Amino acid sequence: MPTKTISDAMGEMNTPIPYPGHTADMAEQPHDEMRRYVGRGLLKGRRALITGGDSGIGRAVAAAFAKEGADIAIAYLEEHDDATHTATVVGAAGRTCALFPGDLGEPAHCREVVARTLAELGGLDIVVNNAAYQSPVEDLTDITDEQWRRTFAVNIDSYFQVTKAALAHLPDGSAIINTASVNGLRGNASLMDYSATKGAVIAFTYALAQSLAKRRIRVNCVAPGPVWTPLIPATMPQEKVESFGENAPFERPAQPDEIAPSYVFFAADQLSSYYSGEVLAPLGGETMPG
């Protein structure tokens, strides 16, 4: 993987894109289709629901799961072009991909997504809570009540709602994988509400893993460092996009394809049958205490 920065690749094209962000609008296209990944049937016959699965990490996870033999349901906001492309990638691997647009910040929609997944895929074995919202600020007083509530509604409330709705239908031995962030481990001065939700995701993972241990439902978490996804140019100012990921020891952000194998590891009982309540943090060479 070359070590060029985002700014090297984008040059004069580096301009913000409208939220929630569409992959086609990104000046440098992310690697998010797992094109070089070779599956081994680790998830054969399994059915996975991935929230925020239309692009970025979610798309790469969908592609990898499909190559491992799983059928996929994707919940996303309104990025229909991205979601359709992800469905095409999943279909090319010979698997089914159901698409469910709508606002995961609404509890009723979370429950609907689970119900539709069960109806269209015939069951549910893996839940990947991955949807996220962020809006950087300079000061805590810049965070409105509406922004604070929205960040929590998407980033942690939806994880609770989707998981709660799925639990009655998940067979013993299933897997739940939550997406947190390095910001949930160390905080981020410009993403205080986001950091708070990602810390909550980690604590939720720990507690839920203990709660579901008797059912052998493994609950784990992936907490990446900087990853090049549409959310970055859609929510960050231009100067931060240009230097995004440069502070990592590898001096670049990750590509989604580099993060997705962590989810395969946690989803596949063959690989991680003794793992629950774990946080895997792909941080590009950074080491964290604890």
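## Rings, a buried serine and a pocket

Phe265, Phe266 and Tyr275 are joined into a cluster by ring pairs. Keep in mind that this is a predicted model. Let's look at those rings, then at a serine that touches two of them, Phe265 and Phe266, and finally at the second largest pocket, with about 320 Å³ of space.

**Aromatic rings**

- You'll find 4 aromatic pairs in the structure.
- Take Phe265 and Phe266: their ring centres sit 5.4 Å apart and their planes make an angle of 50°, so this pair is tilted.
- To be called tilted, a pair needs planes that are neither under 30 degrees apart (stacked) nor over 60 (edge-to-face).
- Phe266 is buried, at 2% relative accessibility.
- Phe265 is partly exposed, because its relative accessible area is 23% and the cut-off for buried is under 20%.

**Ser272**

- Ser272 belongs to helix α11, which covers residues 269-272.
- With a relative accessible area of 0%, Ser272 is buried.
- Leaving aside residues up to four places away in sequence, Ser272 is in contact with Arg218, Phe265, Phe266 and Ala267.

**The second largest pocket**

- A total of 17 residues line the second largest pocket, and those nearest its centre are His31, Asp32, Glu33, Met34 and Asp257.
- Two elements, α3 (80-92) and α10 (256-267), each give two or more residues to that lining.
- What kinds of residues make up the lining of this pocket? The split is 8 charged, 5 nonpolar and 4 polar.

Technical notes:
Residues numbered from 1 in each chain as written. Predicted model: local features only at pLDDT ≥ 70, side-chain atom pairs only at ≥ 80, totals over all residues. Heavy atoms only, no water. Phe/Tyr/Trp six-rings, centres within 6.5 Å; stacked < 30°, edge-to-face > 60°. Buried < 20%, exposed > 50% of the residue type's maximum accessible area, 1.4 Å probe, protein only. Helix = DSSP H or I, 4+ residues; strand = E, 2+ residues; numbered from the N terminus. Contact = heavy atoms within 4.5 Å. 1 Å grid on protein atoms, 1.4 Å probe; cavity = no way out; pocket = protein on both sides within 12 Å on 5 of 7 lines; lining within 4 Å. Points joined across faces, edges and corners; volume = space filled by probe spheres on them. Nonpolar A, V, L, I, M, F, W, Y, C, P; charged D, E, K, R; others polar.
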